Amino acid sequence: MSAPVVLIAEQLSPATIAALGPDFEVVHVDGTDRDALRSALGSADAVLVRSATQIDAEALGWAPKLKVVARAGVGLDNVDIKSATQAGVMVVNAPTSNIISAAELTVAHILGLARHLPRAHASLSAGEWKRSSFTGIELFEKTVGIIGLGRIGALIADRLRGFGVELIAYDPYITAARAQQLGVQLVSLDELVGRADFLTIHMPRTPETLGMIGAEQLRAMKPTAFVINVARGGLIDEDALAEALASGEIAGAALDVFVQEPPADTRLTGLPNVNVTPHLGASTDEAQEKAGVSVAKSVRLALAGDLVPDAVNVAGGAIDEYVRPGLPLTEKLGQVFAGLADGAIASVDIEVHGELAEHNVQALRLAGLKGLFSKVVSEPVSYVNAPLLAEQRNIDVRFTVDSLSESYRNVITIRGALTDGTPISVSGTLTGPKQVEKIVEINGYEVELPIPEHLIVFSYVDRPGIVATYGGVLGEAGVNIAGLQIARDEKRGTALSVLSVDAPVEETLIGALRGAIGAEHMHTIDIDAL
């Protein structure tokens, strides 16, 4: 079997290649050359990019084998996440790779503004000696307002505390207790704008945050105040900022990011009281290496079929070792559930019972859906697009977890209903030191058998001679029964037989078997090896 192909579409560090390990065929291509990219994507299982390569809907269409797109950095503007999700392709990035670099650059910009460092350097480089022109201010006892107290905002707070500043922050998603741990006072946005000597913004760019610092906020600031943006272009209204700086409403600004990059309008970047850098937030050797190594590890996980903590288009995250054996079990239960369905599925409940409730088991929901839809649709199904497939088919999906399990340490159940109201259910567990995968319930009947590759499940009116009848039919056809379980609701009531057989059973034989025993329901289920 050939090794999976990992396509490196841009220059990445040697440490990135080393982190991939020896299990892949690594292919290099210039991702900005669309013709070369198209040719290379045809055989790629994974592609690693930075910011120059466009992985759009067209590029995804060139990649029938693609399982994961990895962006060695934070932003994902060059990856069409919606199209990737629809194609079942996982998208990963390195969200924490640059947080130290971005925090340090913010502190550098604050210090540069306080002491006029760029202008003083330019003056001296030009042969001037104008000490009195560059008198600055100390950070000590100044108020720094941080908008967005996430990972980067928290690092900035930690680094600035040593300067003896007063730290205030606005973040509607942070609790007062968390802010107190960071030594920061939570305030409203209006209060922060009015009190800050230095305002630094660290929010994602969304419709709600776009232009959140505009003309109104800038007018409310002190005339001696400075604003800093190393997060995303557009969080500060550039036109309003240019007006505020030119009119003296605020003292200065430092910008690393812009609405358009590179910025075409120099009205803002050319002002003497603006310090600018060309989007250097992640531009350190350490950040670039951390980003590459991080996504290389994510690619390894993705190609191994695991969930990835840094996947942006799939819920889940890191999988507890206690939970991990339940993934293939739940996926196989999903396949059995689909095999039991005689019509369109209206609802699905994925239930986790027992000691597993003490762990994060969200991944089991995805595994169940992945197994179910692998038997329902023709396109490739992954952890990524399985929830989308349920949504597109208006299937109501619920997920519940509880600690109660009467017969086994853990039981996973997938139950649901067809559009005609017919109920379906299958339950499974892992038993013994070897964690043997077993089915322990089908449609309300208690059974216990290892999950085989090929199953025949049927119900009928309980009466003598039925086992001999279907055993004879299968024997004459050369089908070997490897295992057998029979369950019934009452004597001479309805019985359920579950047979594991050595090979797939032809539909004509199933018809003969159904007629011979008068089966009410009969299903053949072939379970894919995982």
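How are α5 and α7 oriented to each other? A few notes on that and on some other packing in this predicted model.

1. Helix α5 (residues 99-115) packs against helix α7 (residues 151-160) with the axes 9 Å apart and an angle of about 50°. That angle falls outside the ranges for roughly parallel, antiparallel or perpendicular, so α5 and α7 count as oblique to each other. Their crossing is right-handed.

2. Who touches whom here? On the α5 side, the contact uses Ile 99, Ile 100, Ala 102, Ala 103, Glu 104, Thr 106, Val 107 and Ile 110. On the α7 side, Arg 151, Ile 152, Leu 155, Ile 156, Arg 159 and Leu 160 take part. Sorted by class, the α5 and α7 contact has ten nonpolar, one polar and three charged residues.

3. Next, have a look at strand β4 (residues 68-71). In a regular strand, side chains alternate between the two faces of the sheet. In β4, Val 68 and Ala 70 point one way, while Val 69 and Arg 71 point the other way. All of these are buried, Arg 71 included.

4. β4 has parallel partners in β3 and β5. Strand β3 (residues 46-49) is joined to β4 by four bridges, and Ala 46 has Val 68 as its bridge partner. With strand β5 (residues 90-92), β4 pairs over three bridges; there Val 68 stands opposite Met 90.

5. Further along the chain there is an open sheet of four strands, in the order β20-β21-β19-β22, with antiparallel pairing. Its edge strands are β20 (481-488) and β22 (521-526), each pairing on one side only. On average, neighbouring strands are turned by 15° against each other, ignoring direction.

6. Within that sheet, strand β19 (residues 454-461) and β22 pair over six antiparallel bridges. One handy landmark is Ser 459, whose bridge partner in β22 is His 521. α18 packs on the sheet, touching β19 and β22, and its direction makes about 150° with that of β22. Helix α14 (residues 326-340) also lies across β19 and β22, at about 145° to β22.

7. α18 (residues 507-517) also has a helix partner, α17 (residues 466-476): their axes come within 10 Å and cross at roughly 155°. α17 and α18 are therefore roughly antiparallel to each other, with a right-handed crossing. Ile 466, Thr 469, Tyr 470, Val 473 and Leu 474 of α17 meet Leu 509, Leu 513, Ala 516 and Ile 517 of α18. By class, this contact has eight nonpolar residues, one polar and no charged ones.

Key:
Residues are numbered from 1 along each chain as its sequence is written. This is a predicted model: local features need pLDDT of at least 70, side-chain atom pairs count only at pLDDT 80 or more; totals for chains, interfaces and linings use all residues. Side-chain values use heavy atoms; hydrogens and water are left out. Axes are lines fitted to C-alpha atoms, for helices over the stretch in contact, and angles run from 0 to 180 degrees between N-to-C directions. Helices (H or I, at least four residues) and strands (E, at least two) are DSSP runs, numbered from the N terminus. Angles under 35 degrees count as roughly parallel, over 145 as roughly antiparallel, 65 to 115 as roughly perpendicular and the rest as oblique. A crossing is left-handed if the near helix is turned anticlockwise from the far one by less than a right angle, and right-handed if clockwise. Contact means heavy atoms within 4.5 Å. Ala, Val, Leu, Ile, Met, Phe, Trp, Tyr, Cys and Pro count as nonpolar, Asp, Glu, Lys and Arg as charged, and the others, Gly among them, as polar. Buried means under 20% relative accessible area, exposed over 50%, partly exposed in between (1.4 Å probe, protein chains only). Two strands pair if DSSP finds at least two bridges between them.
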